[in-house]
Amino acid sequence: MGSVANQASIIRRELLTRIARLLMDRELEAKINRIPLELRPRGYVGSSRCCIYQDRAVLKYKIMGLLGYHIQDETDELISLSEYARKAFERNSISAQPLTVVDEACSACVKVNYVVTNMCRGCVARPCMVNCPKDAILFEGGQAKIDHSKCVNCGLCQKNCPFHAIIYIPVPCEESCPVGAISKDSKGMEHIDYNKCIYCGKCVAACPFGAVTEKSHFIEIFRAFREGKKVVAMVAPAIAGQFKAPLPKIIGAIKQLGFHDVIEVAKGADITTANEAAEFKEKMGKGESFMTTSCCPSFVASVFKHIPELVPHVFHTKTPMYYTARLAKTMYQDAVNVFVGPCLAKRHETFMNKDTDYMLSFEELYAMFAAAGIEVSEAEDSELDRSIDSSGRGYPVSGGVSGAIVKHLNGKVDIKTVSIDGIDKSSLRELRSFAKKCPGNMVEVMACEGGCVNGCGVIMNSRTATRQINDMVRKQEENL
């Protein structure tokens, strides 16, 4: 999902890299105003909007998001990016809302879903009109028209048209959201309802204009570096599939950026495995019908907000990040803990976890490497923690979590696993049905298809990432 190579993602990564470079050179306030002008100079050909001036405005607001601002908080359009940068360094906290919508970019999608094209032949049968339950189809000039004041978007007209002349035009972010948490207001602006949002990040990946923007913690992290604090990176297991380099080099490259230490969250995954295994054994012993894994914050949010009947079936065990953060605070009491991970759900978890201060997505880490001129494949190897089990490093691929529990229990409990590979409207219905009858006794749920390797903040194709992680896990097991 996050690795899709399109112009919107390319622009975001370019902005991240430029901001990271200016931060490293301590020139952010002096030069940030010029970024929109440099990317859309006078005479630029290829604007995706009415003119380069609107392009520049969109770039400005996207940069505001990357500085950690909520776009709708703007009170004066004349406040410069350099002023926003200065104020950002004075902030004392991060926002609970990890997303912001750039209204200047959110303008091309329309709420009208079904449209009659010029392929309509004005046939005698007129099945579109006959089958419309709301009498929303009329004929003018020999062609069908849809009265959108009556249309309820049932799709029967499209289904019955023999010429396929009626098309469905989605609003991509709304279409992708499995819980209906994003919708347009009367002005055509998208808004996120955080009472419904499960932080899956699907709207971020789906928006073809890059209007739904994840707010960054760049400023806070670089400020910690400037203040000489110990900054500790806690890297999610999915990182092993994000660069064309083995894990020891990836960790070595992160240390080269200036991090005091790098701790694998796979160490916390081993604790999660042991705790979930013990909890599963206990629950089954008490006659519970099934349990679901609790590692994916997006899934857990889905349950508590939308499928309350499943709440008793969710493990009470905490996530690998939770246990790793506690370990990091024990090791470095005064350090700033930065989780490095694949998705929006983990950014929200970062805000909720008192032991984790900030988050870097893999996309943001990539930008830091690019800004610093670090070639990951050429970095010095960093010795891996030999106490981490191979199953902990296999958490980020579908089947990894349940597989780790099965391995840990080693046949002591009869386990029949069920995998929900990606949360969408259909899988939510399936999960809801499990409250009445579940086909297994352990349900592993990943919000992203393929697992954490496909989060909205990744940079590598999920299949390639999965292959790299599986190869690493296999080699570790062979060397035992």
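Student: How many bridges join β11 to strand β15, and how do the two run?

Tutor: This is a predicted model, and in it 2 bridges join β11 to β15 (residues 442-446), with the two strands running parallel. One facing pair is T292 and V443, the latter in β15.

Student: Which helix packs on the sheet there?

Tutor: That's α19, residues 425-434. Helix α19 touches β14 and β15, and its direction makes about 150° with that of β14.

Student: Okay, and in what order do the strands of the sheet come?

Tutor: The order is β11-β15-β14, an open sheet of 3 strands with parallel pairing.

Student: Why is one side of β11 and of β14 left without a neighbour in the sheet?

Tutor: Both β11 (291-292) and β14 (417-421) stand at the edges with a single partner strand each, so one side of each has no neighbour in the sheet.

Student: Switching to pockets: how much space lies in the largest pocket?

Tutor: About 610 Å³. Of the 21 residues lining the largest pocket, P297, V300, K318, T319 and E349 are the closest to its centre.

Student: Which element gives the largest share of that lining?

Tutor: α13 does, with 5 residues. By class, the lining has 12 nonpolar, 6 polar and 3 charged residues.

Student: What about the second largest pocket, what's its volume?

Tutor: About 520 Å³. There are 20 lining residues, and L384, R393, M472, K475 and Q476 lie nearest the centre. Helix α20 gives the most to this lining, 5 residues.

Student: And how do the residues of that lining divide by class?

Tutor: They divide into 10 nonpolar, 3 polar and 7 charged.

Notes. Residues numbered from 1 in each chain as written. Predicted model: local features only at pLDDT ≥ 70, side-chain atom pairs only at ≥ 80, totals over all residues. Heavy atoms only, no water. Pairing = 2+ DSSP bridges. Helix = DSSP H or I, 4+ residues; strand = E, 2+ residues; numbered from the N terminus. Contact = heavy atoms within 4.5 Å. Axes fitted to C-alpha atoms, helices over the stretch in contact; angles between N-to-C directions. 1 Å grid on protein atoms, 1.4 Å probe; cavity = no way out; pocket = protein on both sides within 12 Å on 5 of 7 lines; lining within 4 Å. Points joined across faces, edges and corners; volume = space filled by probe spheres on them. Nonpolar A, V, L, I, M, F, W, Y, C, P; charged D, E, K, R; others polar.
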